[in-house]
Amino acid sequence: MCCESKRRFLLLYATQKGQAKAIAEEIWQQAGAHGLEADMHCISEMDKYNLETEKDPVVIVISTTGTGEPPDTARKFVKKIQDKTLPPDHFAHLQYGLLGLGDSEYMFFCNGGKTVDRRLQELGAQHFYDTGLADDCVGLELVVDPWIDGLWLALKEALQLQKEKEGMNNVVDAVSSSLSTAPHAVHELKLSSEIQNLKLEDEGARDSDTLSQKPDGVNLVAPARDTEPSLVRSVPPVSQSALSIPALPPEYIEVEFQDTQGENPHLSSLISEGTTFEVPVTKAVQLTREDAIKTALLLELDVADTAFEYQPGDAFCVISPNNVSEVEELLHILGLSEKGDNFVCVKVKQGTKKKGASRPQHIPERSTLKFILTWCLEIRAIPKKAFLRALVECTSDGGEKRRLQELCSRQGASDYTCFIRDSNVCLLDLLHAFPSCKPSLSLLIEHLPKLQARSYSVSSSNLYQPGRLCFVFNVVEFPASPSRPVSRKGVCTGWLAELVAPLLHSSKNSLDTKGESSSAEKISIFPRPNNAFHLPADPSVPFIMVGPGTGISPFIGFLQHRQKLREQHSDWEFGETWLFFGCRHQDRDYLFKQLQCFLENGTLTHLKVCFSRDSSTAEVAPPKYVQDVLRLCAKEVARVLLKERGYFYICGDKKHMADDVSDAIVDILSMEMEADRLEAMKFLAMLREGKRYLQDVWS
């Protein structure tokens, strides 16, 4: 073990997309200014630390992935500490503080961190600092920054107590007395925005790990006509404030251009999640009319000649590239247009001050520059404050430099949230807004995260269509805004739409639409099985499906599977099936009108549909949304859930649908159970716990 002095603490991170690692690195960087040294490791590197014998305080930064699981890098660690044979005092010697990262748009907020926190407590470990839970929905920094601010005092007090304890081992009574009267290093996190802002303003100027920046000779006071701030312009008080900005992250990557030729790595080498499969797209159908607000496509993949396996309800990931024109534009701004096809060698910079520096795993040691920008880096990622801080050093114009400093400062936190985070600004937008900013290629590799594969729900059954896998998606559109002057399509959905354009046929609203091609384009995919979102194991159990818009996707697979089971097992008993579907217009975006076929052959018992934007001349207006239709069917829904122990599935938008459906179910349960809302909420929690109320949602 390194860092054996008593000022040492162990710093562990568990990351899925790099957020937790970046925050851990920030803690590591700040530690030195507080007279401390962090012994930092990924939590998966269990050969480099040992919690069973750890004497120093432990700080853990952990994210959450999927439907509330710990990140992949923490799976072995979690499995180890969940061993039921471990005694309740197994970690009685351990002092720790934990920072969990999550997104409250999802049901199991920060569940990765909560799982580890709860288990460490069960095994006797003690908090030396209160757990922080940061929400990516509103901005991680709102909790992360003050949590890190308070960490240093808590660590010093914990280390002091430890020192006193070790120095007085021969006087047990004195030790007991000392510990009973020692101040507890517990610091409650105040989340009131007013108090938090005051605290940041007050503490920002005193932080020894930040630089205080004043508008040195740059007059950024907005003219009277420009009273509103924007991405490139600030107003008082930010424009007139001394700024507390993050310390400059150390450089650690070196890029060498080479004259030699060769081949780029295979895409499978970029994926750590398992086996990838290159499969042809055999069919593409536009399910919506041309005048629909959103364009929905159904794609069919041929997986017959592969070992790819799936169940209805599973998800899978598509490996997609960045937009070609955006890559070309970035090369042009970097002044590297002529070198896109040149091979580059990426390695760690000699003499770097970054602890444990290594080439990012998603960056090949050797490939063309275009390959890196196309397949490896998320060039659409929202820049983190550490990246903005590094971009300051690449900017020559004084006014632009000052504005970038403001956007990464404590004082400019609300501007960062408004003009970068909430506006979905990416690197290209910043480089257009701040034209004197000329970052190096190595800086981009250091700060841009891995280009993530995109996940989609399976919309078919291998029993119904052997060797075929279907999925449905909306082509995502990002309209232009003041911070982002150009409109864009989603990275993956835009690419897929362009890729299959030759195959596309206007919607016949049928899965049997012809559109197969012998010269189909191929895409790379890998499975992402869902542990819970599957049909009930007992076919006699009834279930309810709620899937407006493309949320209907997995339920098509459910119904196809159920239809084949009914055909193959006429002697089985099958429970009733309900489907609640909604869309804007019946004639424009009713995605699967052949649902009527499932109804007619008995696979689907009840089909309830609603259309939110269609006008009606009826005396009583029809329901607009699926939650409204659920309320109209309250008695039947309650019967399925309460009396028949049925299952309830929701798929679709979390913020604008799933929460409203959940509220409707609570109301229904409360009414039919003749109980108050609290009792109904408890019952719903039991359904969730028993895996009978299941969600596949996105924000």
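In this predicted model, F574 is buried, its relative accessible area being 18%, a value that falls under the 20% limit used for that class. The ring of F574 pairs with the ring of W572, and the two are tilted, with 6.1 Å from centre to centre and 35° between the planes. W572 itself counts as partly exposed because its relative accessibility is 37%, which places W572 between the 20% bound for buried residues and the 50% bound for exposed ones.

A search of the whole structure gives 22 aromatic pairs. One of the aromatic pairs joins Y129 and W147, whose ring centres are 5.0 Å apart and whose planes meet at 45°, so this pair is tilted; the tilted class covers angles that are neither under 30 degrees nor over 60. The pair links distant parts of the chain, since Y129 lies in the loop between β5 (126–127) and β6 (132–135), while W147 belongs to helix α4 (residues 141–167), the two residues being 18 apart. Both Y129 and W147 are buried.

Elsewhere, aromatic residues come together in a cluster, which is formed by F533, F543, F555, F558, Y647 and Y649.

Aromatic rings in this model also meet charged side chains. The charged end of K339 sits over the ring of F257, at 4.7 Å from the ring centre, and the charged end of K385 likewise sits over a ring, that of Y416, at 5.3 Å from its centre.

Note on methods:
Residues numbered from 1 in each chain as written. Predicted model: local features only at pLDDT ≥ 70, side-chain atom pairs only at ≥ 80, totals over all residues. Heavy atoms only, no water. Phe/Tyr/Trp six-rings, centres within 6.5 Å; stacked < 30°, edge-to-face > 60°. Helix = DSSP H or I, 4+ residues; strand = E, 2+ residues; numbered from the N terminus. Buried < 20%, exposed > 50% of the residue type's maximum accessible area, 1.4 Å probe, protein only. Lys NZ or Arg CZ within 6 Å of the ring centre and 35° of its normal.
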